[in-house]
Amino acid sequence: MPFASSSSSTPGFVRRTAESDEESETSSSDEENGFEEEPPVEEVDAAEEAALRKRKRPPPITISLKKVCKVCKESGHEAGFRGATYIDCPKKPCFLCKMPGHTTMFCPHRVAMEHGVIPAPEKNTKTSLDYIFKRQINDKIPKIKPEFVIPDQVDCGLIRFHSRRITCLEFHPTRNNILLSGDKKGQLGIWNYVKQLERTIYGSIHSCIVNNIKFSLGNDAMVYTSSSDGTVNCTDMETGIKTLLFDLNPEGWNGPATWRMLYGMDVNIERSVLFVADNFGYLYSVDMRSNKHTGEPILIHKKGSKVVGLHCNPVLPDLLLSCGNDHFARIWDARRLNIDSSLASLAHGRVVNSAYFSPLSGNKILTTSQDNRIRVWDSIFGNLESPSREIVHSHDFNRHLTPFRAEWDPKDPSESLAVIGRYISENYDGVALHPIDFIDTSTGKLVAEVMDTDVTTITPVNKLHPREYILASGSSRTILIWKIKPEKWKTKTEPERKQFIFNNTEKKRHGKVDSDSDGDSDIDPKGRRSKTKKCQSKCTKSGMKKS
């Protein structure tokens with residue numbers, strides 16, 4: 001009997017294959033002997049496994065040489081920079097003024113920055129605050145606007161002073177020649193730009209971005225820094241020894257949902273309190289006399305939004321100005337702080353990068369928003385529902401840059417001169433440059449655009465000296481010192497000079513300093529003079545019209 005000899009096969013679980021005659025005969029024998037065939041279980045399992053393998057297989061890599069727009073991701077056109085020219089996407093409004101109907105190349109604000117800017121009339125609310133302002137504050141402001149003095153020539157520069165891009169700058173409050181800088185890696189740099197070889201980098205102050213630098217009130221050798229690592233440190237400038245004052249992440253990294261970063265920071269001089277704000281909308285206070293955190297955190301912006309900046313009024317320090325990612329700048333009374341106690345809320349179109357009171361009277365407000373607008377309020381005692389002026393300026397960037405911030409000139413008695421870097425490059429004698437703009441905020445006019453053919457990178461960080469006509473700027477990892485041209489001095493004592501120093505031997509203390517980079521470009525990656533040096537080095541211009 002053929003079936004008795006094939007006892008190794010179990011009826012109903014025979015693997016059926018078309019190519020095997022032997023298995024076909026065995027199957028027909030099963031039917032003749034009355035055995036019913038059960039479903040082919042192993043065949044179903046194999047099909048499921050094949051389908052599962054097919055689903056897990058990564059999609060094939062396709063390479064297309066078809067050019068698409070970087071903005072709308074569609075074919076047929078391109079958008080972005082082509083040399084010094086920015087080409088707009090035809091499906092989007094003008095990149096500069098954000099209005100439809102024209103492109104950036106033909107934007108009227110690109111030719112005349114003050115286009116459409118009308119000086120606001122004096123706003124009198126007929127209250128006692130107006131009387132106090134006119135009697136106590138307004139008398140300190142001269143009625144005749146003095147001539148602006150612009151530092152428009154590079155005096156010296158320190159190439160690759162930091163290993164990552166520079167994020168903040170601050171001049172020493174009493175020593176005119178000392179400049180402090182912070183970078184993306186958490187380093188603190190100290191540079192005497194008169195004795196250019198006197199420079200120090202402390203590499204272990206913070207573990208990531210240094211966002212703010214402030215000085216101690218009683219001891220100018222101590223400096224306070226806040227960082228995206230959620231800490232506030234007090235550092236001795238001479239020794240580099242730091243003292244941890246405040247830590248929002250004592251348990252370390254537990255994911256982005258709980259990691260707190262500190263951005264805004266300022267000092268209340270009268271109360272000796274250091275205010276800091278985080279990326280969840282909360283405000284914290286640190287007593288500078290005891291160097292300890294005091295009180296509970298207070299929600300001052302939309303919960304979960306980043307508080308980018310803080311600034312205390314120079315005349316009334318209890319007035320606190322904040323700005324954040326919730327598209328608002330707000331004024332607070334530091335004596336009573338809670339979410340519903342803001343004195344005024346200044347609405348903006350997009351994220352507010354910075355907000356500052358005017359440096360002398362504290363009566364004006366200057367804000368910088370990501371919607372390519374610089375906004376000015378002429379009086380904090382008037383109607384704050386809308387700004388006095390909106391100035392269109394190019395500072396809307398994509399990534400890998402420190403945010404642009406328009407800052408007042410602390411020496412300008414008229415409180416109308418502001419400085420800010422420019423994002424969109426311009427064509428100057430065949431060279432694509434990103435100038436630093438000086439703007440008259442009372443009229444919106446471009447007073448001067450400062451540039452140099454050796455500086456071809458974007459310069460988002462700029463700080464004017466509080467006592468001298470000097471501008472410090474951070475361009476990638478490089479610090480530049482700008483001064484006025486020698487012929488503008490009453491007595492010309494030195495010939496015109498410009499010196500760049502390549503930082504290859506830093507003085508290191510309390511931390512290792514390496515030379516890695518986050519992809520930011522420098523003046524020259526090899527420390528040599530730029531190829532554009534063939535152009536005239538006197539390309540620095542004051543009030544020059546764009547080509």
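**Close-up views of a strand-rich predicted model**

**View 1. Strand β19 shows two unlike faces.** Along β19, which spans residues 344-347, the side chains alternate: Ala-344 and Leu-346 point to one face and are buried, whereas Ser-345 and Ala-347 point to the other face and are not buried. In a regular strand, side chains take turns between the two faces of the sheet. Please keep in mind, here and in the views below, that this is a predicted model. The partner to look for is β18, residues 328-333, which pairs with β19 in the antiparallel sense over 4 bridges. To find your place in the pairing, start at Phe-328, whose bridge partner in β19 is Ala-347.

**View 2. Two spans carry a WD repeat annotation.** The label "repeat: WD" comes from an unreviewed UniProt entry and covers residues 159-192 and 345-378. How much helix and how much strand does the chain have over residues 159-192? That stretch is 0% helix and 53% strand, with its end C-alpha atoms 14 Å apart. For residues 345-378 the values are 0% helix and 56% strand, and the end C-alpha atoms lie 15 Å apart.

**View 3. An open sheet of 5 strands has mixed pairing.** Reading across the sheet, the order is β30-β31-β32-β3-β33. Its edges are β30 (461-464) and β33 (499-502), each of which pairs on one side only. On average, neighbouring strands of this sheet are turned by 15 degrees against each other, direction ignored. A friendly place to zoom in is the meeting of β3 (residues 153-159) with β33: the two run parallel and are joined by 4 bridges. Within that pairing, Leu-158 has Ile-501 of β33 as its bridge partner.

**View 4. A hairpin links β6 to β7.** The two strands pair in the antiparallel sense over 4 bridges, and 6 residues make the hairpin connection between them. Ile-190 finds its bridge partner in Thr-200 of β7. Which way do the side chains of β7 point? Arg-199 and Ile-201 point one way, Thr-200 and Tyr-202 point the other way, and all are buried.

**View 5. Phe-171 and Tyr-193 meet edge-to-face.** The count of aromatic pairs comes to 6. In the pair shown here, the ring centres of Phe-171 and Tyr-193 are 6.4 Å apart and the planes stand at 85 degrees, so the pair is edge-to-face. Phe-171 sits in strand β4 (residues 166-171) and Tyr-193 in the loop between β6 (188-192) and β7 (199-202), so the contact ties together parts that are 22 residues apart in sequence. Are these two rings buried or exposed? Phe-171 is buried, with a relative accessible area of 5%, and Tyr-193 is buried too, at 2%. Do include Trp-191 in the frame, since Phe-171, Trp-191 and Tyr-193 form one aromatic cluster.

**View 6. The whole chain gives the close-ups their setting.** Stepping back, the secondary structure comes to 5 helices and 34 strands. The chain has 547 residues, and 50% of them count as buried. Its exposed area is about 28,100 Å², of which carbon and sulfur atoms supply 52%. Among contacts between residues at least 6 apart in sequence, 54% join residues at least 24 apart.

Key:
Residues are numbered from 1 along each chain as its sequence is written. This is a predicted model: local features need pLDDT of at least 70, side-chain atom pairs count only at pLDDT 80 or more; totals for chains, interfaces and linings use all residues. Side-chain values use heavy atoms; hydrogens and water are left out. Buried means under 20% relative accessible area, exposed over 50%, partly exposed in between (1.4 Å probe, protein chains only). Two strands pair if DSSP finds at least two bridges between them. UniProt positions are given in the numbering used here, feature names are shortened, and annotations may be inferred rather than shown by experiment. Axes are lines fitted to C-alpha atoms, for helices over the stretch in contact, and angles run from 0 to 180 degrees between N-to-C directions. Contact means heavy atoms within 4.5 Å. Accessible areas come from the Shrake-Rupley method with a 1.4 Å probe; for residues, only the protein chains shown count as cover. Rings of Phe, Tyr and Trp (its six-membered ring) pair if their centres lie within 6.5 Å; planes under 30 degrees apart count as stacked, over 60 as edge-to-face and the rest as tilted.
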